[in-house]
Amino acid sequence: MDNPPIRDERILEALEARRSGSDDVADPQMAQLEAALAADPALADLYERLQATDAVLAAKFRDAPVPEGLAGRIGERLAADRLQRAAPVAKEEPARAMPVEIPVEMPVQPRRISRRRLAIGGGALTAAALLAVASISIFYTPPSYDAATVREDAVKFFNAELSGTQPRAEAFLLAAKSPPSGYLFSSSVVRVRGTRWREIRGLLDTDGVAYDVPGPGGVCATLYVVRCKTAGLPNLPSSRPESTTGGCFTSAWQSDGLVYVLVVRGSPQIYRQLVRLPNNVLT
Amino acid sequence: MDIDQLVAEHYQPVYRYAYRLTGSSADAEDLTQQVFLVGQQKLGQLRKMESARGWLFTILRNSFLKGRKRRQPVLAEGLGLSIDTIPAQVPREVDIDNERLQAALDQLPDNFRLVLVMFYFEDASYREIAEALDLPIGTVMSRLARAKGHLRAKLFRPDHAGAQARHADSTP
């Protein structure tokens, strides 16, 4: 490559940085280059070649293969992030979302109100609004579910998922991808190889994560993990699961602010194999 | 403005940009996800959909630099100024090997690579690069010229023997 020598480093740098049609000529370094280009046809030719080469390189820079399924994986990560960020505020949301209606009497005829009266009136309204909000915050409690309701809702949800009336989000292998940190797998349930997790919506009027435990004929059990207010739920799964008319065995418990519901299809033996209790109560 | 729409329209250029910066598909994917994660959290800051790509690229550059701070910088050999690397014939895009291009990019220190990727990928002028990275114009010009020379040497000059390479002692 036999290019004309350029002694001045500033011209060389300007040559590399210049873009045709840009307003860079206002720069002193660029002005110097402009003069050199006008005076030296060989340099002008070199510049043209450099521009053409840059155009080819720019196209090549933008030509990188994009992995398949990337958009889907981004979407899943964003959904997991939304879920994770929504979890800590879920308890407070109903109280904050309660609308506060303050009746304001509108005058039929416009009339002059002194600043003093306006200030007093405004202050009274603000105080009333604050009092109303405070009362709601103090006395309002979000709905709480008892153990039977939790189990019933979970079984309904489980059956709806099986029948396809409840849509299922994409599931991920627990060993390959971590679930949202706010909805971790329960330490009271045996972690079976091949367990998958997925996001769920609408169980006990909230969002959460479901863990599908594999069995010989497909999914044999699902552990639902949600955050909601409950009353009377034990801290551990029961050694005697509740049986349901659909041939499922369930147990619900709470731990570290999370509500767990295990729904097992088949026999109580499968349930006993899956549940881990202190002092080996089940075996 | 909808984050899903943003992902659908821009995930490919964001990934390609990330790939050119990181040189690894796994790192590029991580960085791409990080960009949209930040994008989701700061979506309210985006005023116009037309400026979404530039906004995402800015998040990408910041995330890249943040993630690289703790890493040991790679020292590029012989980052001198050279015009001998400008090929006599303008190359065709198909003749440029993608892996070779990426390998040449990977040899550059992060701050040189970033300037180069902004120049080629974003079509950014040296002034825009200086403003975005908060660098003096002279520094940008110097890095750009040296990085471009390095890239061409690796792509178009197999022996890479510097005929007119002048190694700058005061590389910013």
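The following questions and answers concern a predicted model and address its sheet, its nonpolar cores and the contact between chains A and B.

User: Which strands of chain A stand at the edges of the sheet, each with a single partner strand?

Analyst: Seven strands of chain A form an open sheet with antiparallel pairing, in the order E2-E3-E4-E5-E9-E8-E7. Each edge strand has a single partner, so one side of each is left without a neighbour in the sheet. The edge strands are E2 (172-173) and E7 (242-243) of chain A.

User: Which residue in E5(A) stands opposite Ala210(A)?

Analyst: Strand E4 (residues 206-215) and strand E5 (residues 218-226) of chain A pair in the antiparallel sense over eight bridges. Opposite Ala210(A), the residue in E5(A) is Tyr224(A).

User: Which helix gives the largest share of the largest nonpolar core?

Analyst: The largest nonpolar core has 58 residues, and those with the most contacts inside it include Leu116(B) and Leu144(B). Nine residues, the largest share of this core, come from one helix of chain B, spanning residues 3-22. That helix is H1 of chain B.

User: Which element gives the most residues to the side of chain A that touches chain B?

Analyst: In the contact between the chains, 35 residues of chain A meet 42 residues of chain B. On the chain A side, the elements that give two or more residues are helices H1 (9-17), H3 (41-61) and H4 (70-86) of chain A. By class, this side has 21 nonpolar, four polar and 10 charged residues. The element that gives the most, with 11 residues, is H3(A).

Note on methods
Residues are numbered from 1 along each chain as its sequence is written. Chains are lettered from A and ligands numbered from 1 in the order in which they are written. This is a predicted model: local features need pLDDT of at least 70, side-chain atom pairs count only at pLDDT 80 or more; totals for chains, interfaces and linings use all residues. Two strands pair if DSSP finds at least two bridges between them. Helices (H or I, at least four residues) and strands (E, at least two) are DSSP runs, numbered from the N terminus. A nonpolar core is a set of buried Ala, Val, Leu, Ile, Met, Phe, Trp, Tyr and Cys residues joined through C-beta atoms within 7 Å. A residue is buried if 20 or more other C-beta atoms lie within 10 Å of its own, exposed if 12 or fewer, and partly exposed in between; C-beta atoms are placed from the backbone. Two residues are in contact if their C-beta atoms, placed from the backbone, lie within 7 Å. Ala, Val, Leu, Ile, Met, Phe, Trp, Tyr, Cys and Pro count as nonpolar, Asp, Glu, Lys and Arg as charged, and the others, Gly among them, as polar.
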